[in-house]
Every structure is written in structure tokens, then in C-alpha cells.
Amino acid sequence: MVILNCNISQSLWDEIEKKSTTTGDTIDHIVMTALAEGLDLDHNTIFQISTSGALVEGIFSGAISVAELMKHGDFGIGTFEDLDGEMVALDGKFYQARGDGTVTIAAQTAQVPFAVVTNFKPEQIVKLPPISSLNDLTSHLDQHRNTENLFFAFQIDGTFDYIKWRAARKAQGNETLVETLEKQAEFEFHNVKGTLVGFWTPEYAKSVNFAGYHLHFLTDDRQGGGHLFDCRAKELTVKIEHSADFRMSIPETAAFLKADLARDPSQALNQAVSKQ
């Protein structure tokens, strides 16, 4: 984070303090939000297209192009039309990791049924101790979240002693998410450098997103990547951003409008995210 020193009027300062007292927001948050609005920036905004529940029901048709999605963020995760691989957006580039093991820059015209992105501006950078598993990793990440009720974005860099990920294979016919992932490709590597990209979502948002941690991996050489299943590492560097601004765009495709999305998707989502 950058420290800003400037002179402001007493009346402006009085209003800032008054708003902080009234709303409970920190002065840092009030000032950053006001600056972002004044400069027309999406500060700490997480943008999501469609819902995870729609994925569970097999709504895999494209709702937005990569080119349009890039207007909402430079960092994030998702998938592509017909569940054709995993999306990893890092440093403004959107990668498509397919089930055949290949990773390519996604075409601007590629269609996306579901994704979560943000303009990533980390507020914390921390070093983690040795990590023995994915559960161990998430336990350490928990220590750097100060609430269960906001959204968090994570970028995790380092050399992984062991890592396991999956890449979805293109759906066929009217398959659901769970049915499609039954034929997912799984990859295991040792001593590989790379980056984990992803989000932590509050439990109360589980009807529209994957509650908890959802992380995708991309190798440093951009030759491999996908949805994280497990990992071990001696030292990792974590960049963290929190967000109180979550925005979701609802598709108006025929498939989405006709779908029955009333069912609780939690069990299927947990199976899709953590299946090993």
C-alpha cells in the first residue's frame, strides 16, 4: 500500500470523522472509496458473471466475451463455454488451461459462462511457513483474514514441492457440472514454480459462488495450470486484497432464463471444488 500525505480543510476532515463515527468505516476506507469514485475507478470491486448454481445445472453457454470481461478486471478465475478448460487471469492476461494439458492465451472472442475477476491491488504481502497440504495452506491464509463477511483475493507465488490440479474437459450434450467433471484431467508435478490465483467467498454467498477458497494454478512458464486440488511448498509469498464491493451480472441467455436454479447447489459445488 502507498502512504498518502496531503493537506485538507478542517471542514472536510470533520466530515470524514463524522462519517467514520456514523458508519463504523475506517478513515482509510472512506478516503480510498471517495478517491476511487472521484477518479471513476472500480476500487476493490469483485465482478462476477453468472452464478455457480447455474454451472451446477449445466448452464455452460457463453454469457460474456473475454474482451468484455477484461474491462472488469485483470486478475481472476473462471471457465469457458461448454466448460472447455479452466481460466486463470494474471497480470492482465487471460489464460485457458484445457483438459489436454495445453495452456494458451484465451482469444478475445472466447465466450465465458462463469468468471470472477477484479483489478488486483494487494494491501498485504506476507511470507508463509512450509505448507504440507491444501488444508494447511488455507489454514495459514485464514490467519490473514480479519472477517468472515467480506470477499478476499489471493495471489500466491513460489516453488511448489508438489502440486496437483485438474482441468475440465469440454462438456458433451446436456451434462451437469458434476457429470462433466467425472472425466476431468488431473495433473501432478514436483518442484514447479508458479502462481495460485483465486478468491475466498463468505458462506452467506454460497448460493451464487463457491463458498470458501477457490484457487487456480498457473506455472511460471505458462505451460500448465488448472483448478488446485493439493500442494506442498517450503516458502510461499502471498498478496492479499479484501473487497466489500461485490457485483454480479446475470446472463440473459435462453438457457439461463429457463433454468431451475432454486435448488441448493452447495453439495455439488463442494464436490466440484474439492474432488480428488
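How many residues lie between β5 and β6 in their hairpin, and which turn residue has a positive phi?

1. The model is predicted. In it, five residues separate β5 from β6 in the hairpin, and Gly-101 in the turn has a positive phi of about 95 degrees. The two strands pair in the antiparallel sense over three bridges, with β6 covering residues 103-105. Ala-97 has Val-103 as its bridge partner in β6.

2. β5 (93-97) also follows β4 (86-90), with a loop between them that holds Asp-91. These strands run antiparallel and are joined by five bridges. Val-88 is partnered by Tyr-95 of β5. As for cover, four of the five residues of β5 are buried, so the strand is mostly covered, given that buried means under 20% relative accessible area.

3. The hairpin of β4 and β5 has two residues between the strands, and Asp-91 takes a positive phi near 55 degrees there. Asp-91 is not a glycine, so this backbone value merits a mention. Because its relative accessibility is 62%, Asp-91 counts as exposed.

4. A second positive phi outside glycine belongs to Asn-191, near 50 degrees. Asn-191 is placed within strand β11, residues 185-201. Asn-191 counts as exposed because its relative accessible area is 60%, and the cut-off is over 50%.

5. A nonpolar surface patch is formed by Ile-8, Leu-12 and Trp-13, which together have about 260 Å² of accessible area. Ile-8 sits in the segment before α1 (10-23). With 43% relative accessibility, Ile-8 counts as partly exposed.

Technical notes. Residues numbered from 1 in each chain as written. Predicted model: local features only at pLDDT ≥ 70, side-chain atom pairs only at ≥ 80, totals over all residues. Heavy atoms only, no water. Buried < 20%, exposed > 50% of the residue type's maximum accessible area, 1.4 Å probe, protein only. Patch = residues over 30% accessible without salt bridge, like charges linked within 9 Å, V, L, I, M, F, W, Y side chains within 5 Å. Areas by Shrake-Rupley, 256 points an atom, 1.4 Å probe, with all protein chains shown as cover. Salt bridge = Lys/Arg side-chain N within 4 Å of Asp/Glu carboxyl O. Pairing = 2+ DSSP bridges.
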